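User: I am new to this structure and would like to understand how its labels were reached. Could you take me through the reasoning behind them?

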Amino acid sequence: MPIYEFECSSCKDIFELLMKVGEDKEGVTCPKCGARNPRELIGRTSFHSRERYEERLTRRMAARRAESKGAGNQ
Ligand SMILES: [Zn+2]
């Protein structure tokens with residue numbers, strides 16, 4: 001199944017969805033704010049989105065590390 005990338009027209013969040021070929025994109029909503037009809041990003045390379053994904057992952061892990069550091073410092 002191809003991965004489609006969308007940009008929310010409301011909060012500008014970029015998210016990816018795995019969709020079946022020919023699946024209706026009308027019902028797609030933003031996972032962050034729930035807005036309908038996000039803009040489909042066409043022609044972006046998977047490398048680019050992977051880079052973004054890893055960037056987010058790194059940020060999330062850094063946040064988690066900071067949390068556990070604070071919790072263990074009693
Ligand atoms: Zn949104």
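Analyst: Two strands are said to pair if DSSP finds at least two bridges between them. This is a predicted model, and in it strand β1 (residues 3-7) and β2 are joined in the antiparallel sense over five bridges.

User: What makes β1 and β2 a pair?

Analyst: The definition asks for at least two bridges, and β1 and β2 have five, so they count as paired. One residue of β2 that takes part is Glu 16, the bridge partner of Glu 5.

User: Why is one side of β2 and of β3 left without a neighbour in the sheet?

Analyst: The three strands form an open sheet in the order β2-β1-β3, with antiparallel pairing. Because β2 (14-18) and β3 (39-41) stand at the edges and each has a single partner strand, one side of each has no neighbour in the sheet. Neighbouring strands here are turned by 40° against each other on average, direction ignored.

User: Why is Lys 12 called exposed?

Analyst: A residue is exposed if 12 or fewer other C-beta atoms lie within 10 Å of its own; Lys 12 has 12, and therefore it is exposed. Lys 12 lies in the loop between β1 and β2, and its phi is near 65°, a positive value in a residue other than glycine.

User: Why does Asn 37 count as partly exposed?

Analyst: Partly exposed lies between the exposed limit of 12 or fewer and the buried limit of 20 or more, and Asn 37, with 15 C-beta neighbours inside 10 Å, therefore falls in between. Asn 37 is found in the loop between β2 and β3 and has a positive phi of about 50°, although it is not a glycine.

Note on methods. Residues numbered from 1 in each chain as written. Predicted model: local features only at pLDDT ≥ 70, side-chain atom pairs only at ≥ 80, totals over all residues. Helix = DSSP H or I, 4+ residues; strand = E, 2+ residues; numbered from the N terminus. Axes fitted to C-alpha atoms, helices over the stretch in contact; angles between N-to-C directions.
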